[in-house]
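Hi,

Here is the structure I promised to pass on. Have a look at it first, and my notes follow underneath.

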Amino acid sequence: MAGLRVLGALLLSGVVLAGCQSLFEQAYTPNVSPSNSPQIVDEVQKNDPRAQMGAREHPRIVASYGGEYRDAKTERLVARIAGALTAVSENPNQSFRITILNSPAINAFALPGGYLYVTRGLLALANDASEVAAVLSHEMGHVTANHGIERQRREEAEVIASRVVTEVLSSDLAGKQALARGKLRLAAFSRQQELQADVIGVRMLGEAGYDPYAAARFLDSMAAYARYSAVDPDSDQSLDFLSSHPNSTQRVDLARRHARNFGQEGTVGDKGRDYYLAGIDGLLYGDSPQEGYVRGETFLHGGLGIRFDVPRDFRIDNKVEAVLATGPGETAIRFDGVAADDNNSLTNYLTSGWVAGLQPDTVRQIEVNGLPGANARASADRWDFDVTVIRVDNKIFRFLTAVPKGSATLQTTADVLRASFRRMTREEIASLKPLRVRIVTVAQGDTVASLAVRMMGTDRKLDLFKLINALPAGAVVSPGQKVKIISE
C-alpha cells in the first residue's frame, strides 16, 4: 500500500473509464450495415493474433467488476434478449459471449472477439426487455461492424502500458484493477463508430420485434440516473456507462429518427415488461456480499466476520479496494485489510515502512475489544493521521484517519472506529441479508410516497424509487401496476 501521503488522493481520485464515447457530431451516415466478415469468438483468434485480446483480458475485466453474477433466472432473461437480437443479425455466423458482471455500476461494453458485458446494476435500472435490448444491440453493433479490429493500433500501445503496470504492481489488487481499466479503454470507439453502432442497434431492435424507441427511452433513464448521482456524494461513476456514454440531444434525436422507420412511438414493437420484471425479481442490488454491506453509519462483513461504525454525519463508500468514509471538516477514513505475518508483531508492522511520516515515539500496543492491535500517529504535508492496525486471525485490518493538520477531530474520530470495531456474532452474520430488487404489485390506496417508504438501503427513498421505476415528476401509480422496490 502507498504511504499516508497519498491518502487524500486515494480518497478523492476516480478513474474514468471510456467504454463507448458517444459525443456525437451533427452529421451522420444513415445507411450503415454490419461487416460481411464478422468477428467470431473462436475463428477471429485464429485469423488475427491481436484480437486474442478479448479472450486474454476477459478474466481481468470480470475481476475488476466483482466477478460474474450467477443467477439462472437472470441469465436466462439476458440470453432470451440476446438471442432475439442475434437472430436478426446480418451476420448469421457472428457469435457472442455475454457475461453479466456482479457490479452495481451501470455499464455495458464489448471487446474484440464478440465478448459482451452488462452489469447487474444496468439490469436493475432498466424497466423492460426492450431497454436492455437497446443497450446490447448497440454493443453488438460495434462487434458486427468490426470496430474492434479497426482500433488495434491503440491496443498495441495499451499492451505496452499494461506491461509496465504489471511489473510495477504485480500481485497488488490495485494493479489488477489498473490493468482491467486499461483494457476497458480499448472499448472506446470513435464518434463515427458510435454513430454506426447506434444505427445498427435501432435497426436490430425493430427487426427483432422490440420497441425501437427503447434506446431513446433508456437514454432518458440514464440521464435521470446522472442527475441522481450528481447530488449523491456516495456515488462512484468511474465504472459506469454514463462516464463514457454521455447523453446528448443528437443521440436521442438519432435514435428516434431511425425508430420511426418502424412506425409511430407507442404503436410498434414489444417492450417485454412483464417477463423482464419477473426475470429481475430478486436481483442483487448494491453491495455484493463478498464486499460487505453498508447500513447507515455501520460497515458489516459477514465473510470476514467484522463490523465497525463511523461517526455521525459520515458517509461510507464501499469500494472494491477499500472502505472509504468522509465527514465534516475534510475528515477522511480508509479501511482495508492485508494478510498477516505471524512472525511480525503489530508494532513492528506499523514501523515497517508502509506509513509515510510515521512518528516513532507515538507507536503503542493496544487492545481493541479483545483483539490485539497497535496505534500510531503520522504527519505529512497539511495532514495529520491516526493509524490503527488490528489482527483478526490471519488478517491485519487497517484504519487510516486523516484530518487537516491541527484539527481536534482526529482523536474523537479514531476513537469511534476503535471502540466499535469487533467480531460479529454468529447471529449477526446469519441475519445479514443483501438488498435485492423486489417486484411488487400496486394495491388499492398505494401511492408513490407510500411505496417509496418501503425502500431500504438509502436515505433518499423517494428519489431512488422514482429513478428505478422511470417515474417522472407528478407521476402516479395505479392498482395492479408492477413496480420495483429495493429491500432485503
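The largest cavity has 14 residues in its lining, and those nearest its centre are Ala134, His138, Asp198, Ala215 and Arg251. Bear in mind that this is a predicted model. Four helices, α6 (129-144), α10 (191-207), α11 (214-230) and α12 (249-259), are the elements that each give two or more residues to that lining. Sorted by class, the lining comes out as 9 nonpolar, 3 polar and 2 charged residues. The space inside is about 140 Å³. Searching the whole structure turned up 4 cavities of 30 Å³ or more.

Now to the sheets. One is an open sheet of 3 strands, ordered β4-β16-β17, with antiparallel pairing. At its edges you'll find β4 (284-285) and β17 (482-487); each has a single partner strand, so one side of each is left without a neighbour in the sheet. Between β16 (residues 435-441) and β17 there are 6 bridges, in the antiparallel sense. If you want a spot to zoom in on, valine 440 sits opposite valine 483 of β17.

Helix α13 (residues 273-280) packs on this sheet, where it touches β16 and β17, and its direction makes about 15° with that of β17. Another helix, α18 (residues 461-468), lies across β4 and β17 and runs at about 135° to β17.

What else does α13 meet? Its axis and that of helix α4 (residues 72-86) come within 8 Å and cross at roughly 145°. On the α4 side the contact uses Lys73, Thr74, Leu77, Arg80 and Ile81, while α13 brings in Tyr275, Tyr276, Ala278, Gly279 and Ile280. That makes 6 nonpolar, 2 polar and 2 charged residues in the contact of α4 with α13.

The other sheet I looked at is also open: 3 strands in the order β1-β3-β2, this time with mixed pairing. Its edge strands are β1 (97-101) and β2 (108-111), and each of them pairs on one side only. Ignoring direction, neighbouring strands here are turned by 20° against each other on average. Strands β1 and β3 (residues 115-119) run parallel, joined by 5 bridges. Within that pair, isoleucine 100 stands opposite valine 118 of β3.

That's everything from my side for now.

Cheers

Technical notes: Residues are numbered from 1 along each chain as its sequence is written. This is a predicted model: local features need pLDDT of at least 70, side-chain atom pairs count only at pLDDT 80 or more; totals for chains, interfaces and linings use all residues. Side-chain values use heavy atoms; hydrogens and water are left out. Two strands pair if DSSP finds at least two bridges between them. Contact means heavy atoms within 4.5 Å. Axes are lines fitted to C-alpha atoms, for helices over the stretch in contact, and angles run from 0 to 180 degrees between N-to-C directions. Ala, Val, Leu, Ile, Met, Phe, Trp, Tyr, Cys and Pro count as nonpolar, Asp, Glu, Lys and Arg as charged, and the others, Gly among them, as polar. On a 1 Å grid over the protein atoms alone, a cavity is a set of points where a 1.4 Å probe fits but cannot get out, and a pocket is an open set with protein on both sides within 12 Å along at least five of seven lines; lining residues have an atom within 4 Å of a point. Grid points are joined across faces, edges and corners, and a volume is the space filled by probe spheres set on the points.
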